[in-house]
Amino acid sequence: MKLTNAKLDRNAPCWCGSGRKYKQCHMAFDEKIRMAELKGHEVPPRRLIKSPADIEGIRESAKINIAVLDLVAEKISIGMSTEEINRIVHEKTLSMGGIPAPLNYEGFPKSVCTSLNEEVCHGIPDDSIILKDGDIINVDVSTIYKGYFSDSSRMFCMGNVSPEKKRLVEVARECMEEGIKNVIPWHFLGDMGAAVHAHALKNGYTVVRQIGGHGCGKEFHEDPWVGYTTSPGTGMLMVPGMVFTIEPMVNMGGDAIYEDEDNGWTIRTEDGKPSAQWEVQVLVTETGCEVLTW
Ligand code: MF3
Ligand code: CO
């Protein structure tokens, strides 16, 4: 009797929604998860493993997010206000059938985050903030499409940016790339974060500790929390089917930050030195990861 049931389970459709038989789909995976759990490792619950339909949904959402950032890249220029960037993002997103995820998210008043120079993240677009020669700016775009979230950000250098700030922007990008390279299935998230941190430190920079990346799919911010000052061998295992962001905030000076008291959102460096950030959304695969949103 028991044997028959086991056999039925093996031949039943997999829980992941692929439509394949369990034994041909996630059976070996579940065994690996069980063994990792027995070793005391933190493993993702099933809800963090995306189905093929989920991945397709995120890809569709990402198409909009990428197109929006491409348009920002085309249009952004000295003399433009960050409110104008907000308008571009808002209109392009709607024109493609998407919803800007930041708008009204926990009360955030705009459709995009625009963070200049010493602003670390969550800058609020405004008519009075005008892009100047020498500024560096992070534009962080997030989209909801048919219930799926995509999330990515890029840096833009306005005109004659000082060599110091240019290097910060470049190294921040390398840190994100270092993260991508270190998404290795069945390794720890802490390994990836440690690699990112090491690259920043090697270049004389620091990484923000309190704010990190996140799982992303049917919700804007899902588990796991993804830090970039972590220790190897710690945190959740990265396993195929997980989707999360890699978005280290790299500071030229110290890692200390504070939140704007007046608007309750904008994060700035404590020492007033510049900060840079690039963000991608990745899918863990059998061999590494695939960048879904950039
Ligand atoms: N896009 C940000 C992230 O990368 C989140 C912004 S939340 C907002 O996680 F409300 F400020 F938009
Ligand atoms: Co994010």
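## The lining of the cavity

Strand β8, residues 222-226, gives the largest share of the lining of the largest cavity, with three residues. Please keep in mind that this is a predicted model. The full lining is made up of L48, K50, G215, C216, E222, D223, P224, M242 and V243. Sorted by character, five of these lining residues are nonpolar, three are charged and one is polar.

How much space does the largest cavity hold? The answer is about 30 Å³. The structure has one cavity of 30 Å³ or more. As a general point, rolling a probe the size of a water molecule over the atoms reveals where empty space remains.

## Helix α2 and its length

Let us turn to helix α2, which covers residues 27-38. With twelve residues at 1.5 Å a residue, α2 should span 16 Å, and its end C-alpha atoms lie 17 Å apart, so the two values agree.

## The two sides of α2

Which residues of α2 are buried? They are F29, D30, I33 and A36. Looking down the axis of α2, you will find these buried residues within an arc of 120°, which means that they line one face of the helix. On the other side of α2, A28 and L38 are exposed. Here, buried stands for under 20% relative accessible area and exposed for over 50%.

## Just past the helix

If you follow the chain onward, you meet G40 just after α2. This glycine, G40, takes a positive phi of about 90°.

Terms used:
Residues are numbered from 1 along each chain as its sequence is written. Chains are lettered from A and ligands numbered from 1 in the order in which they are written. This is a predicted model: local features need pLDDT of at least 70, side-chain atom pairs count only at pLDDT 80 or more; totals for chains, interfaces and linings use all residues. Side-chain values use heavy atoms; hydrogens and water are left out. On a 1 Å grid over the protein atoms alone, a cavity is a set of points where a 1.4 Å probe fits but cannot get out, and a pocket is an open set with protein on both sides within 12 Å along at least five of seven lines; lining residues have an atom within 4 Å of a point. Grid points are joined across faces, edges and corners, and a volume is the space filled by probe spheres set on the points. Helices (H or I, at least four residues) and strands (E, at least two) are DSSP runs, numbered from the N terminus. Ala, Val, Leu, Ile, Met, Phe, Trp, Tyr, Cys and Pro count as nonpolar, Asp, Glu, Lys and Arg as charged, and the others, Gly among them, as polar. The expected span of a helix is 1.5 Å times one less than its number of residues. Buried means under 20% relative accessible area, exposed over 50%, partly exposed in between (1.4 Å probe, protein chains only). The arc is that of the directions from the helix axis to the C-beta atoms.
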